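Visitor: I'd like to know where the labels come from when someone annotates a structure. Can we go through a few and check them against the cut-offs?

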Amino acid sequence: MLSLRGLTKRYGVQTAVDHLSLEVPAGQIVGLLGPNGAGKTTTLRMVTGLLKPDEGTALIAGRDITLEPVEAKRALGFVPDSGAVYESLTGMEYLLMVASLYGIEESAAVERVARFIEFFELGMDTLERKLLGAYSKGMRRKVVITAALLHQPKVVFLDEPLDGLDANAAVGFKALLETLAREGKTIVYSSHILDVVERVCHRVAIIHQGRLLVDGAPENLIREHAAASLEQLFTRLTGAYDHEQRAESFARSLRS
């Protein structure tokens, strides 16, 4: 359902993503992990057609994002980490605009939006009367997630999707991901919250300096590398170490 083939992006002499290849079948939730600057967001921007790769390509449901961008984008949904929206529109105006871009009739779109806002516990009055510029961060995030799923995409890309959601909304959203996967949707979940990734994702791919380090089921990778948790495995592979000792030394330096 998702195929990354030698995906590469350079900025001058800096290689942000280095010949990244990955195959993801239908019905799987994959955690895309890496430290800051590892190339996660650049990868997501390339596979969603927002950024042109220097080499390689990505296939979304069999459609090449470079050669068939419109067809590929019809099959994907994207929740970016920015959570950007048109602040001068109401939530409903924004969602109906997104629906129209995908060719969804307004009556069908309103029905779908109603189901989402009931699930996310958003009030219809808020959605219809309040401009997005006045929404809280969590409310905006719910609208952006709704916009990404409104056209029932086959492949969903999520960049820090829980950012801004309260505890109850986050629990509900994680349950929604499991349901979508059971329905055959492919989900790529990029996050720094490793304990959530370990619980939610069927598989994790860790990248560092633009390259794929490991790829597999979390429990298998933890066992193979004799790690206590996904967090410990991540810190080992990406070069971070002695966090507690470094924190104590830093705190002492501040006191002195």
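**Checking the labels**

Guide: Sure. In this predicted model, Glu68 and Arg63 pair through their side chains in a salt bridge, with N to O at 2.7 Å.

Visitor: What makes Glu68 and Arg63 a salt bridge?

Guide: The cut-off is a Lys or Arg side-chain nitrogen within 4 Å of an Asp or Glu carboxyl oxygen. Glu68 and Arg63 come in at 2.7 Å, so the pair qualifies as a salt bridge.

Visitor: Why is Arg63 called partly exposed?

Guide: Its relative accessibility is 37%. Buried is under 20% and exposed is over 50%, so a value in between gets the middle label. Glu68, at 24%, is partly exposed too.

Visitor: How do you know that Asp18 and Arg211 form a salt bridge?

Guide: Their closest N and O atoms are 2.7 Å apart, and the limit is 4 Å, so they pass. Asp18 sits in strand S2 and Arg211 in strand S10, so the bridge ties together parts 193 residues apart in sequence.

Visitor: Which of the two is buried, and which is exposed?

Guide: Asp18 has a relative accessible area of 18%, so it's buried. Arg211 has 52%, so it's exposed.

Visitor: What makes Arg140 count as buried?

Guide: Arg140 is at 19%, and the line is drawn at under 20%, so buried it is. Its salt-bridge partner is Glu87, at 3.0 Å, N to O. Glu87 counts as partly exposed, with 42%.

Visitor: How many salt bridges turn up in the whole structure?

Guide: Nine.

Definitions and conventions: Residues are numbered from 1 along each chain as its sequence is written. This is a predicted model: local features need pLDDT of at least 70, side-chain atom pairs count only at pLDDT 80 or more; totals for chains, interfaces and linings use all residues. Side-chain values use heavy atoms; hydrogens and water are left out. Helices (H or I, at least four residues) and strands (E, at least two) are DSSP runs, numbered from the N terminus. Buried means under 20% relative accessible area, exposed over 50%, partly exposed in between (1.4 Å probe, protein chains only).
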